[in-house]
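Biologist: Could we go through a protein model together, slowly enough for a newcomer? I would like to see how each label is earned.

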Amino acid sequence: MDQALALEILLEGKSALLTGPAGSGKTFVLNQFIKYARGQGKVVAVTATTGLAATHLGGSTIHSWSGIGIYDELPKYFFQDMPKGRKDTIAKTDVLIIDEISMLHDFRLDLVEQVARTVRGQDVPFGGLQVILCGDFFQLPPVTRDTQSSSKFVVESEAWHELNPVICYLIEQHRQNDDAFLSILTALRAGDIRRHHAEKLLIRQKADVGEVTELHTTNVDVDTINRRRLAALSGKEHVYYMQKTGSKNYVESLKKSCLAYEELVLKKGALVMCVKNNLEKKYVNGSLGVVLDFEKDTDYPIVELKNGRQITITPETWELRDGDKKRAGLTQLPLRLAWAITVHKSQGMTLDAAKVDLRKAFVEGMGYVALSRVRSLDTLSLDGINRMALQVSPLALQIDKMLRQKSAQHTVEYAHLRARAAQRVKELKKQPKPKSQATWTEKLTKMRETYPNAYRPWTEADDKKLVKLFSDNKKVDAAKLTKIFGRHPGSIKARLQKHFGEDAVL
């Protein structure tokens, strides 16, 4: 099925599974649908099975939205104890989206269905919500704790069978531009890796692809590499602190889900990765670059991307939304050190080039996730690979066959929507380009009318003065400190938390 038909099926109000190989455009279709649906006045709850995936879409986890948390079954007084605000959010929702569906246990989808049906008071699947599941079952499976008997995909849940979603299996490829590499990924996905596929991969062992991101399977390896490489650079450190809004529990949840650092330390020559899409500046989540210098007035890093384009990276905002409510916000430079990153955190990224170490792959699908991030075989360097990295779940293979068959049937069943899809494409091409928004420089100039030192580095003298004032009074007089330092109260609070800890400054 192509993207245009899949979008029309979703806009028709059908509950559906949006699936397909890595790079087939699932997130693109999802974002297009969200824009149209909200434009029609619908309340769209955007959720994902992991916090990381949720931040890519500007939503929350399905566990948080539904209130099920980490429960394996609902407690006796679950609905009596559910806050009214949570019930209102679920009741007012028109569309529920769950991304990275491969990582959701079957019994948890049943719990979400039970919650939605009960709270909304309608004895139909999910209480009458349009439900859109999105993901690829060849990617990482549900994580099972020791206390759980097994991990099953959602297609084995009662909720799946009752919902009976339309299957939109996207078959176009928008990431890999290399037929040889695509054939390897297709074979890996089909559980049919042959000798000639393995030989082509092994040729890429220790291949020279320049200084690019390394993908590793463990956090320990990633953190060690990034710290070591940054310390090896000479020159001054430039430090950027995350600013936060919202209650502490929501902020903490968003921080865990966000790829941006709470405290970002950069130097000239640092290899960095963009961790958010910015089409205006023409970088995306996964774009690589090197820090060339820092702007004189703002201290923002000037980064040369791998395509040769030089841009100044300015702060971006991540939000934790619960339905239409904003629960928390984080503002930080959308960069992280990129000498290394985990395979898990790379999900959703497109990398022009990468060094991949799969010697410690420990779960089926991990090799497919890592390799499918990269655009071509020529830009892949393989540090090592184990047998597990080339394995995919036998159950995922069975599921994939079933989904392809159903998608073919649904493509025929909804063929009448193709004319509308073609018309929508024509209308999009005729639409005038949106007027450019105010530049960051203009926004910063306006901000500094109220806060003269907004986004300027803290001087050593101001830092010492702030510490002394707080040490003497043990409290924060926001108005007084804002006047003294010419900064937003949130910036002052963040600086104090750096010195005294989060619990000391509430």
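Biologist: Let me start with one residue: in which helix is Asp463 found?

Modeller: Asp463 lies in helix α17. Do keep in mind that this is a predicted model.

Biologist: What makes Asp463 count as buried?

Modeller: The relative accessible area of Asp463 is 13%. Buried means under 20%, so Asp463 with its 13% is buried.

Biologist: Which residues does Asp463 touch, leaving out those up to four places away in sequence?

Modeller: On that count, Asp463 touches Trp458, Arg495 and His499.

Biologist: Now for the helix itself. Why is α17 called roughly antiparallel to α18?

Modeller: Helix α17 covers residues 460–473 and helix α18 covers residues 478–485. They pack at an angle of about 160 degrees, with their axes 12 Å apart. Angles over 145 degrees count as roughly antiparallel, so α17 is roughly antiparallel to α18. Their crossing is right-handed.

Biologist: Which residues make the contact between α17 and α18?

Modeller: From α17 come Asp462, Lys465, Leu466 and Leu469, and from α18 come Leu481, Ile484 and Phe485. Sorted by class, the residues of this contact are five nonpolar, no polar and two charged.

Biologist: Let's turn to another pair. Why are α9 and α10 called oblique to each other?

Modeller: Helix α9 (residues 179–189) and helix α10 (residues 195–203) have axes that come within 10 Å and cross at roughly 125 degrees. Roughly perpendicular runs from 65 to 115 degrees, and roughly antiparallel needs over 145. An angle of roughly 125 degrees fits neither range, and therefore α9 and α10 are oblique. In addition, α9 passes α10 in a left-handed crossing.

Biologist: Which residues meet where α9 and α10 come together?

Modeller: Ala180, Ser183, Ile184 and Ala187 of α9 meet His197, Lys200 and Leu201 of α10. By class, this contact has four nonpolar, two polar and one charged residues.

Biologist: Let's step back to the whole chain. How many helices and strands does the protein chain have?

Modeller: The protein chain has 19 helices and 20 strands. Of its 506 residues, 51% count as buried, by the under 20% cut-off we used for Asp463.

Biologist: And what share of the contacts with a separation of 6 or more comes from residues 24 or more positions apart?

Modeller: Such residues account for 73% of those contacts in the protein chain. As for its outside, the accessible surface comes to about 24200 Å², and 51% of that belongs to carbon and sulfur atoms.

Terms used
Residues numbered from 1 in each chain as written. Predicted model: local features only at pLDDT ≥ 70, side-chain atom pairs only at ≥ 80, totals over all residues. Heavy atoms only, no water. Axes fitted to C-alpha atoms, helices over the stretch in contact; angles between N-to-C directions. Helix = DSSP H or I, 4+ residues; strand = E, 2+ residues; numbered from the N terminus. Parallel < 35°, antiparallel > 145°, perpendicular 65-115°, else oblique. Left-handed = near helix turned anticlockwise from the far one by under 90°. Contact = heavy atoms within 4.5 Å. Nonpolar A, V, L, I, M, F, W, Y, C, P; charged D, E, K, R; others polar. Buried < 20%, exposed > 50% of the residue type's maximum accessible area, 1.4 Å probe, protein only. Areas by Shrake-Rupley, 256 points an atom, 1.4 Å probe, with all protein chains shown as cover.
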